[in-house]
Amino acid sequence: MRLRAVLFDMDGTLLDTAPDFVAVIQAMREARGLPRVAESQVRDVVSGGARAMVINAFDVDPFADEFEALRLEFLERYQVGCAEHSRLFDGMETLLQDIEKANLLWGVVTNKPVRFAEPIMQRLGLAERSAVLVCPDHVTRSKPDPEPMLLACKQLDLDPSSVLFVGDDLRDIESGRAAGSRTAAVTYGYIHPEDNPRSWGADVVVDHPLELRAVLDRALCSC
């Protein structure tokens with residue numbers, strides 16, 4: 001079936017949001033008189049969410065009394081500064097323009113809560129361009145379950161087989177495949193050092209957003 005839409009994971013795929021996470025961690029450590037951590041230390045665990053970043057940055061047991069206070073502080077600080085430094089990945093703006101020029105729809109399917117995702121999309125001027133935004137708040141089961149992808153396709157009134165889902169985590173590929181969509185794994189995102197995107201079973205693996213141009217060209221020519 002001919003391609004009708006491209007859906008993106010948010011963190012590590014569409015947007016480089018790590019700088020804002022790093023800023024929050026550094027501010028929290030500074031407030032406690034602790035030295036800064038290497039940016040890579042935070043980037044390596046971004047896909048694990050607030051829980052993973054707090055555990056990694058403070059070497060705290062998730063069952064310890066102080067863990068929940070740290071996690072909540074992290075989320076509160078992040079809500080205030082969630083779009084201070086986040087940007088589209090290099091080449092992504094050109095790709096989005098190509099998608100729009102081809103009269104394709106594009107949108108976001110993310111495990112990021114809507115209270116963070118919506119402000120980021122709005123502040124970066126992407127909300128009015130995106131055809132759909134699906135967050136965990138909108139479904140009962142998040143990725144890797146296919147429910148978020150199926151909801152996005154329903155809202156777009158598209159058959160999942162006419163949609164390409166792009167992500168930087170195994171759960172993205174599993175969600176897309178289970179929904180019946182085509183999938184693309186990216187290697188430029190927040191890939192854990194031990195992960196190998198080429199082993200996830202995606203239809204294609206790319207190292208840069210602009211490599212998706214060729215994927216789109218082939219998909220647009222298919223029947």
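**Exercise 1. Establish how β1 is placed in its sheet.**

Solution. Four bridges join β1 to β4, and these two strands run parallel; helices (H or I, at least four residues) and strands (E, at least two) are DSSP runs, numbered from the N terminus, and two strands pair if DSSP finds at least two bridges between them. The model is a predicted one, in which local features need pLDDT of at least 70 and side-chain atom pairs count only at pLDDT 80 or more, while totals for chains, interfaces and linings use all residues. Residues are numbered from 1 along each chain as its sequence is written, and side-chain values use heavy atoms, with hydrogens and water left out.

Begin with the β4 side, where Leu7 stands opposite Gly107 in β4. Then turn to β6, which is joined to β1 by four bridges and runs parallel to it; here the bridge partner of Phe8 is Val166 in β6.

Finally, consider the two faces. In a regular strand the side chains alternate between the two faces of the sheet. For β1 (residues 5-8), Ala5 and Leu7 lie on one side and Val6 and Phe8 on the other, and all are buried, so that both faces are covered; buried means under 20% relative accessible area, exposed over 50%, and partly exposed in between (1.4 Å probe, protein chains only).

**Exercise 2. Write down the strand order of the open sheet and identify its edges.**

Solution. Strands of a sheet pair through backbone hydrogen bonds, either parallel or antiparallel. In this model six strands form an open sheet in the order β5-β4-β1-β6-β7-β8, with parallel pairing. The edges are β5 and β8, each of which has a single partner strand, so one side of each is left without a neighbour in the sheet. At the β5 edge, two bridges join β4 to β5, which run parallel, and Val109 has Val134 in β5 as its bridge partner.

**Exercise 3. Describe the packing of α7 and the backbone on either side of this helix.**

Solution. First list the buried residues of α7, which are Glu147, Pro148, Met149, Ala152, Cys153 and Leu156. These buried residues pack against β1, β4, β5, β6 and α8 (170-179), where contact means heavy atoms within 4.5 Å.

Next examine the loop between β5 (133-134) and α7 (147-156), in which Pro144 lies. The peptide bond from Lys143 to Pro144 is cis, with omega near 20°.

Then move to Asp157, which follows just after α7 and takes a positive phi of about 60°, although Asp157 is not a glycine. Asp157 belongs to the loop between α7 and β6 (163-167) and is exposed, with a relative accessible area of 69%.

**Exercise 4. Which residue in the loop between α5 and β4 is found there with a positive phi?**

Solution. The residue is Asn103, located in the loop between α5 (92-101) and β4 (105-109). Its phi is near 60°, a positive value in a residue other than glycine. Asn103 is also exposed, at a relative accessible area of 71%.

**Exercise 5. Characterise the surroundings of Glu73 and Leu210.**

Solution. Glu73 lies in helix α4 (residues 65-81), and at 18% relative accessibility this residue counts as buried. When neighbours within four places in sequence are left aside, Glu73 is in contact with Met28 and Arg32.

Leu210 is found in the loop between β8 (204-206) and α9 (212-221), and Leu210 is partly exposed, with a relative accessible area of 29%. With neighbours within four places in sequence again set aside, Leu210 is in contact with Gly91, Thr94 and Leu95. Leu210 and Arg71 are 139 residues apart in sequence and 36 Å apart in space, C-alpha to C-alpha.

**Exercise 6. Assess the overall form of the chain.**

Solution. Start with the inventory of nine helices and eight strands in the chain. With 223 residues, a compact globule would have a radius of gyration near 17 Å, and the value of 18 Å for the chain agrees with this; the radius is taken over C-alpha atoms, and the globule rule is 2.2 Å times the number of residues to the power 0.38. Along its principal axes the C-alpha trace spans about 60 × 30 × 30 Å.

Then consider burial and contacts: 50% of the 223 residues count as buried, and residues 24 or more positions apart account for 64% of the contacts with a separation of 6 or more.
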